[in-house]
Amino acid sequence: MVELLPNHVAGRWQAGTGAGTALVDPVLGTELARVDATGLDLAEAFAFAREQGGAALRTLGYRERAGLLAAIVKVLQAHRDSYYEIATANAGTVKNDSAVDIDGAIFTLGQYARWGESLGDARALRDGEAAKLGKEPLFQSQHLQVPTRGVALFINAFNFPSWGLWEKAAPALLSGVPVIVKPATATAWLTQRMVKDVVDAGVLPAGALSVICGSSAGLMDQLQPFDVVSFTGSAETAALIRSHPAVAARSVRANIEADSLNSALLMPDAAPGSEAFGLLVREVVREMTVKSGQKCTAIRRILVPAALYDAAAQAIGARLAGVTVGNPRSEGVRMGALVSRAQLETVREGIAALAAQAEVLHDGRHAPLVDADPAVAACIGPVLLGARDADAAQAVHDVEVFGPVATLLPYRDLEHALALAQRGQGSLVASLYGADDAALGRAACDLAASHGRVHVVTPEVAQAHTGHGNVMPMSLHGGPGRAGGGAELGGLRALDFYHRRAAVQAGNGVLSALGL
Ligand code: NAP
């Protein structure tokens, strides 16, 4: 009998009353645990978090709440090995890929703990300088930001059960806002276990952190005007969140991180064999294979000068041919599984949709698996497609295949390349590869309007750059348009979402008494 993972709401562990949904090992096909949220009193859960958790967090200043984050880091570090075991079993990831999720979360929490320290003991944040409202500076307007008096509901995607929780929870808790997380069902185990370890360690006030595993039914209905919801997932579900009455009628603030057709662009002056060419090839292969391409930031479109199309296809394909796929527990396996057989089917369908408008340049679909049964495991080798007419292949700019898949696209000149990048209708990240700083700077500014992040790789930063797809807490994560229009991370800017901004108009004595 596998364990039915309990939910933590209203300050206590509560099992769902239904049979639950099975969490499955995507390599072995075995059932690992079950999750269920049937029968939970959601009204009580949200009220408890809002009233008990929120009030307790708001009695603390930023520095003290930063201390809570540092305490969470210690708890997670102490249990780190068990998280790797869960990730291997439930997500089918090799150790390096699990690290992106687990150690990426711990790093982000630690970073916010350090930033929070710098805010001191204040209970509100000054937002800009005071501005005089008349001729004399006697009566002034001072904007300030205070923690919102609601809960932060996180509805998360399956690909980052750890980082997806903590990159959101760090700024929320630091802001003084309690968190209710609803992980994606397929990989809920790691999220649930981390919350359990933190709750059991007693480092947070009651109600500050809750977890609900299983169905999302009824969660959005609980949201009240001062609550916020942060969603990560598909564009289809995002549309449901946006049109929910809580958001549409009650003005609940919603942050949406959706899918994205990210691109990598080799600048026109790069020659085959140049350092920039090699850097692009290396990064493309890394992005296609890390977490089996199940990263919202992964490179999906590779833009190269038309004259380099064949050379790029050859170089990327040659590297992909060396990628071993299979059981992440086996020595030498570089790429593990997709999250489920259902996801494998979706990826196969996506490849077929792209292949209707593109040629297959490297086909890992039938590559032999290491220590895994192809009839059971959700494994697939990398697939590189190419469309010689990049303008005509509309599917390439439309269909996000959430797996180890990317498409090579030739361009005529830089203007054409930038236009093709924009065909993604707003993306999380674009990366540029070249050696001409001036041209790269101009291209970065051009792409900034339609991308949340522009990652520029030159020979000078070859060893220092943090990777196209790596989301660092210092930089904005989120993109306009199709990418959802969200804004996460970016240092202390992330706190804006969990605060309310107001202007206080008063004399200088009162403004000094605000304690900012
Ligand atoms: P999904 O199917 O949209 O699910 C996302 C979350 O929404 C899950 O927790 C899901 O719960 C929940 N959900 C489903 N229906 C819902 C509803 N009607 N109301 C409220 N919540 C609902 O997405 P996914 O397949 O997990 O994730 C893959 C997608 O996420 C990809 O497109 C990827 O690009 C995107 N993504 C984006 C980012 C980013 O930061 N921009 C990061 C990671 C992933 P259940 O699991 O229980 O169905």
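Is Arg63 buried, partly exposed or exposed, and what is its relative accessibility? I would like to start there, and before I answer I should say that we are looking at a predicted model. Arg63 has a relative accessibility of 35%, and because buried means under 20% and exposed means over 50%, Arg63 counts as partly exposed.

Let me stay with this arginine and turn to its partners. Arg63 makes a salt bridge with Glu117, in which the closest N and O atoms are 3.9 Å apart. If you follow the chain, you will find Arg63 in helix α2, which covers residues 62–78, and Glu117 in helix α4, which covers residues 95–117, so this pair ties together parts that lie 54 residues apart in sequence. Glu117, for its part, is partly exposed, with a relative accessible area of 42%.

Arg63 also meets the side chain of Asp121 in a salt bridge, and here the N to O distance is 3.1 Å. Asp121 sits in the loop between α4 and β6, while Arg63 is in helix α2, so the parts tied together in this case are 58 residues apart in sequence. Taken as a group, Arg63, Glu117 and Asp121 are linked in a network of salt bridges.

How many salt bridges are there by this rule? The count comes to 19, and I will pick out one further example. The side chains of Arg80 and Asp103 meet in a salt bridge at 2.6 Å, again from N to O. This pair links distant parts of the chain, since Arg80 belongs to helix α3, residues 80–91, and Asp103 belongs to helix α4, with their positions 23 residues apart. Arg80 is partly exposed, with a relative accessible area of 30%, and Asp103 is partly exposed as well, at 24%.

Now let us move from charges to rings. A search of the whole structure finds four aromatic pairs, and I will describe two of them. In the pair of Phe158 and Phe402, the ring centres are 5.7 Å apart and the planes stand at 85 degrees, and because an angle over 60 degrees counts as edge-to-face, that is the name this pair receives. Phe158 is in the loop between β9 and α5, Phe402 is in the loop between α12 and β18, and the two are 244 residues apart, so that the pair links distant parts of the chain. Both of these phenylalanines, Phe158 and Phe402, are buried.

The other pair I chose is Phe160 with Trp163, which is also edge-to-face, with 5.3 Å from centre to centre and 65 degrees between the planes. Are Phe160 and Trp163 buried or exposed? Both of them are buried.

Finally, let us look at the surface, where I would like to show you two patches. A negative surface patch is formed by Asp269, Asp436, Asp437 and Glu460. Asp437 lies in helix α14, which runs over residues 437–448, and with a relative accessible area of 54% Asp437 is exposed.

The other patch is nonpolar, has an area of about 310 Å², and is made by Leu133, Leu138 and Phe139. Where does Leu138 lie? Leu138 is found in the loop between β7, residues 131–132, and β8, residues 139–147. Its relative accessible area is 61%, and because exposed means over 50%, Leu138 counts as exposed.

How values were computed. Residues numbered from 1 in each chain as written. Predicted model: local features only at pLDDT ≥ 70, side-chain atom pairs only at ≥ 80, totals over all residues. Heavy atoms only, no water. Patch = residues over 30% accessible without salt bridge, like charges linked within 9 Å, V, L, I, M, F, W, Y side chains within 5 Å. Areas by Shrake-Rupley, 256 points an atom, 1.4 Å probe, with all protein chains shown as cover. Salt bridge = Lys/Arg side-chain N within 4 Å of Asp/Glu carboxyl O. Lys, Arg positive; Asp, Glu negative; His and termini not counted. Charge placed at Lys NZ, Arg CZ, Asp CG, Glu CD. Helix = DSSP H or I, 4+ residues; strand = E, 2+ residues; numbered from the N terminus. Buried < 20%, exposed > 50% of the residue type's maximum accessible area, 1.4 Å probe, protein only. Phe/Tyr/Trp six-rings, centres within 6.5 Å; stacked < 30°, edge-to-face > 60°.
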